[in-house]
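Here are a few notes to read alongside the model. Keep the structure open and look up each residue as you go.

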Amino acid sequence: MDLFKKCVNFTRPADYRARGIYPYFRCLESKQAKEVIMEGKRRIMLGSNNYLGLTTCPEVIEAAKEALEHYGTGCSGSRFMNGTLDLHIELENEISDFLKKEDAILFSTGFQTNLGILSSILGPNDYVICDKENHASIYDGCRLSYGTMLRYSHSDMEQLERQLKKVPEESGCLIVTDGVFSMKGDIANLPEIVKLAKKYGARVMVDDSHGLGVIGEGGRGTASYFGLEKEVDICMGTFSKSLASLGGYLAADSVVVDYVKNTSRPFMFSASLTPANTASALAALRYLKKHPELPEHLLEIADYARNAFEKAGIPISRAHTPIIPIYTKGQDYTLTLAKNLYEAGVYVNPVLPPGTPPDACMLRTSLMATVTEDLIDEAARIIAQQIKITDEMNIQEKDLSELVIR
């Protein structure tokens with residue numbers, strides 16, 4: 001059989017493009033800001049992870065420019081060999097200090113960070129237990145490792161304990177959870193996870209990609225939010241969201257960092273983070289430290305948006321983060337509503353199976369600290385209007401299970 005037969009038979013994206021409701025790869029023609037130009041038209045950006053709005057911060061932009069001038073465009077090698085800059089070490093020192101950990105290590109992307117940590121730390125006799133709604137990179141990191149993966153239903157602490165009981169006493173065990181879950185915006189039940197980990201001798205890792213700069217003291221994330229910095233063994237996060245750059249980090253005890261640094265194949269065999277990305281992440285972190293009020297303002301804006309959406313009759317969840325899912329119906333309805341919103345000037349992210357159950361699709365909105373109340377009110381009016389219009393259309397549902405892979 002021809003290897004590419006699966007490619008020829010994969011017609012779902014083409015079918016949805018033909019119907020005008022394919023939602024992906026929209027072309028951005030301006031800075032990632034509260035209002036953007038996408039495909040020639042002004043849109044209110046309600047689908048960005050630029051939580052603190054620092055991609056347009058002059059200090060962050062200037063730091064990237066200076067790094068380009070001083071170091072050039074790239075490092076041309078891995079950290080293991082010729083690719084370590086003094087900037088990398090500065091950022092590692094400052095992120096570990098910010099998160100109250102002994103040491104840190106940088107990876108070139110957030111996705112690579114989870115691959116690198118989990119494939120390194122989990123051996124053949126180890127177990128890893130995951131929340132079912134963890135990010136795809138956690139799942140792929142577990143698959144890349146030699147450990148045995150167990151799962152528990154989202155935030156189900158009773159099921160987590162049942163899974164912990166399955167782990168042999170002679171095996172190592174790591175509980176991995178998102179801190180702030182990227183789809184629903186809810187926060188992990190970290191106090192109970194830590195309690196169970198202590199009871200069964202497990203370690204805890206938190207993916208704080210959507211928690212850093214958002215919750216906790218001065219934006220220090222989920223562990224700080226619950227006052228559990230000492231109890232969380234591994235903190236992982238990205239620079240591509242609140243810190244307005246690219247890359248990821250592991251923060252932990254020095255022995256853990258040194259182990260991963262010297263055994264992680266995704267780290268050892270990848271080119272290091274570019275000078276401009278490193279400098280911009282470092283500048284964004286320093287800006288956040290100088291402005292600890294930013295995360296507080298972000299949460300205030302998010303609360304304003306939730307109230308505005310509810311007042312307009314928009315069906316949302318009530319999680320206390322800047323991620324606000326709008327619950328829709330089936331897949332075709334969701335894509336049609338996303339298209340209608342886009343044409344009306346509001347950009348949101350449709351979330352489809354397997355990211356959600358077939359009958360629980362959503363439009364994921366996420367707020368920036370720079371968005372204004374006027375923009376939120378305008379977006380709420382447009383969303384409510386387009387929901388009404390879409391409700392009046394006769395939407396025929398089709399299977400989209402092949403289109404999106406979590």
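1. Start with the largest cavity in this predicted model. Its lining includes Ile21, Tyr22, Pro23 and Arg26, together with residues such as Leu335, Tyr342 and Val348. Helix α14 (331–344) and strand β11 (346–347) each supply at least two lining residues, and α14 gives the most, with 4. By class, the lining has 10 nonpolar and 2 charged residues, but no polar ones. The space inside is about 80 Å³.

2. How many cavities of 30 Å³ or more does a search of the whole structure find? There are 3. The second largest holds about 70 Å³. Among the residues lining this second cavity are Leu99, Asp208, Arg220, Glu229 and Tyr249. The elements giving two or more residues to that lining are α9 (222–225) and β8 (234–238). Here the classes are 6 nonpolar, 1 polar and 4 charged.

3. Now turn to the nonpolar cores. The largest has 62 residues, and Leu160, Leu190, Ile193 and Phe239 touch the most other members. Helix α12 (residues 275–290) contributes the largest share of this core, 7 residues. A second, separate core has 26 residues, including Ala305, Ile314, Val371 and Ile382.

4. Take a closer look at Ile193. Beyond its neighbours within four places in sequence, Ile193 contacts Tyr152, Met157, Leu160, Ile175, Thr177, Ala188 and Val204.

5. Last, the cysteines. The whole structure has 0 disulfides. Why is Cys130 not bonded to Cys142? The closest cysteine sulfur to that of Cys130 is in Cys142, but at 3.7 Å it is too far for a bond. Cys130 is buried, because its relative accessibility is 0%; Cys75, at 10%, also counts as buried.

How values were computed
Residues numbered from 1 in each chain as written. Predicted model: local features only at pLDDT ≥ 70, side-chain atom pairs only at ≥ 80, totals over all residues. Heavy atoms only, no water. Core = buried A, V, L, I, M, F, W, Y, C linked by side-chain atoms within 4.5 Å. Buried < 20%, exposed > 50% of the residue type's maximum accessible area, 1.4 Å probe, protein only. Contact = heavy atoms within 4.5 Å. Disulfide = S-S within 2.5 Å. 1 Å grid on protein atoms, 1.4 Å probe; cavity = no way out; pocket = protein on both sides within 12 Å on 5 of 7 lines; lining within 4 Å. Points joined across faces, edges and corners; volume = space filled by probe spheres on them. Nonpolar A, V, L, I, M, F, W, Y, C, P; charged D, E, K, R; others polar.
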